[in-house]
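Colleague: Could you take me through one part of this model in close detail, starting with its aromatic residues and then moving on to what lies around them in the chain? I would love one connected answer.

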Amino acid sequence: MAAIDYAEHAFMEVWIGRDGERHGPYTEVEVRQWLRSGQVSASDLGWHEGLADWQPLSALFPEEPPPSSTYPPPITPVQPSPATTTSLDNNAGFWKRVAAYLIDSIILSIPGALIEKMLGGDAAQATLEQAQLAASDDAQAMLAALSQYYTTMMPAFLIITAMIWLYFAICESSAWQATVGKLALRIRVTDMQGERISFLRAFGRYPAKYLSALIFGVGFLMVGWTQRKQGLHDLIVNTLVLNGRAGELKDSRKKTGANAGSFNA
């Protein structure tokens with residue numbers, strides 16, 4: 001049984017957070033050794049799969065005694081840069097997210113216009129304009145013309161809505177973790193641990209934005225004052241929008257993983 005427990009500990013991945021950066025993953029055995037030797041501090045944060053949030057290493061491994069010597073300074077300090085930082089506190093701001101959405105809107109408007117045109121949008125628009133001119137000040141006739149227009153264009157609107165929905169869901173759950181607009185602004189969508197979200201979560205994230213729109217856009221404005229710069233849709237599906245591209249994050253992890261036998265941060 002002791003051998004089985006040891007094997008389980010050896011393969012459990014533990015991440016270590018220090019100075020706003022995340023390092024790892026490391027095995028539990030390695031982390032315990034570093035706690036005893038003083039290479040990591042009991043006050044450093046740790047996280048492993050199954051935890052809801054980061055906790056001090058002293059809480060994760062309370063049975064480990066503090067090192068006899070004082071905690072040594074880092075041998076190779078890491079100078080964090082905005083492009084590669086893995087901090088969960090490096091949240092993207094409101095205006096950067098707005099700019100990313102505007103880029104996506106411009107990109108999506110092109111296929112959207114083509115879909116409307118293919119499904120009779122020009123003819124429906126011309127009919128609406130003629131009906132409005134004929135209706136003059138007749139409000140009931142104006143409403144009837146609008147109703148006819150939206151009835152005619154409903155298939156196009158449904159296809160465009162589905163296209164936009166899938167665009168955000170597929171892109172934000174992909175290896176990019178971002179739409180084209182977010183890639184351009186160097187931001188990405190993650191879960192609460194900074195990891196890639198599933199397609200189902202991304203699929204639910206987009207319609208949650210409609211709730212923000214229904215309350216006069218307040219759900220979007222919440223990005224400006226919530227602690228982790230989350231909009232209402234982020235809070236509903238437990239997502240974050242962080243600075244930095246996913247590809248840069250992976251490169252940073254590979255470099256960190258190359259020194260898995262020792263811990264320098």
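Modeller: Happy to; what follows begins with the aromatic rings and then turns to loops, a strand pair and a helix.

Please keep in mind that this is a predicted model. A search of the whole structure finds 12 aromatic pairs. In one of them, the ring centres of Trp165 and Phe203 are 4.7 Å apart and the planes make an angle of 20 degrees, so this pair is stacked. Trp165 belongs to helix H6 (residues 139-173) and Phe203 to helix H8 (residues 199-214), so the pair links distant parts of the chain, 38 residues apart. Trp165 is partly exposed, with a relative accessibility of 27%, and Phe203 is partly exposed too, at 31%.

Tyr167 and Phe168 also form an aromatic pair, this time edge-to-face, with 5.3 Å from centre to centre and 85 degrees between the planes. Both of these residues are buried. These four residues belong to one aromatic cluster, which also takes in Tyr101, Phe199, Tyr206 and Tyr210. Phe168 has a charged companion as well: Lys209 lies over the face of its ring, 4.2 Å from the ring centre.

Next come two loop residues with an unusual backbone. Most residues other than glycine have a negative phi. Gln177, in the loop between H6 and helix H7 (180-184), has a positive phi near 60 degrees. Phe216, in the loop between H8 and H9, also has a positive phi, of about 60 degrees, although it is not a glycine. Their surroundings can be set side by side: Gln177 is buried, with a relative accessible area of 6%, whereas Phe216 is exposed at 79%.

Further along the chain, Gln230 sits in the loop between helix H9 (218-221) and helix H10 (232-237). Its relative accessible area is 7%, under the 20% limit, so Gln230 counts as buried. Leaving aside neighbours within four places in sequence, Gln230 is in contact with Arg97, Met192, Met222, Val223, Leu235, Thr239 and Leu240. One polar detail stands out for a chemist: the side chain of Gln230 reaches the backbone oxygen of Thr239 at 2.9 Å. Gln230 and Gly93 are 137 residues apart in sequence, yet their C-alpha atoms are 9.3 Å apart in space.

Leu240, one of the contacts of Gln230, leads us to strand E6 (residues 240-243). In a regular strand the side chains alternate between the two faces of the sheet. In E6, Leu240 and Leu242 point one way while Val241 and Asn243 point the other way, and all are buried. E6 pairs with strand E5 (residues 187-190) in the antiparallel sense over four bridges, and Leu240 is the bridge partner of Thr190.

Finally, here is a look at an earlier stretch. In helix H2 (residues 28-37), the buried residues include Glu28, Val29, Val31, Arg32, Trp34 and Leu35. Gly38 follows H2 with a positive phi, near 90 degrees. Ala42 comes in the loop between H2 and strand E3 (45-47), and is partly exposed at 36% relative accessibility. Not counting residues up to four places away in sequence, Ala42 touches Leu35, Pro56, Leu57 and Ser58. With Pro56, the C-alpha separation is 6.4 Å, across 14 residues in sequence.

Key: Residues numbered from 1 in each chain as written. Predicted model: local features only at pLDDT ≥ 70, side-chain atom pairs only at ≥ 80, totals over all residues. Heavy atoms only, no water. Buried < 20%, exposed > 50% of the residue type's maximum accessible area, 1.4 Å probe, protein only. Contact = heavy atoms within 4.5 Å. Polar contact = N/O pair within 3.5 Å; in protein donor to acceptor, adjacent residues only side chain to side chain. Phe/Tyr/Trp six-rings, centres within 6.5 Å; stacked < 30°, edge-to-face > 60°. Lys NZ or Arg CZ within 6 Å of the ring centre and 35° of its normal. Pairing = 2+ DSSP bridges.
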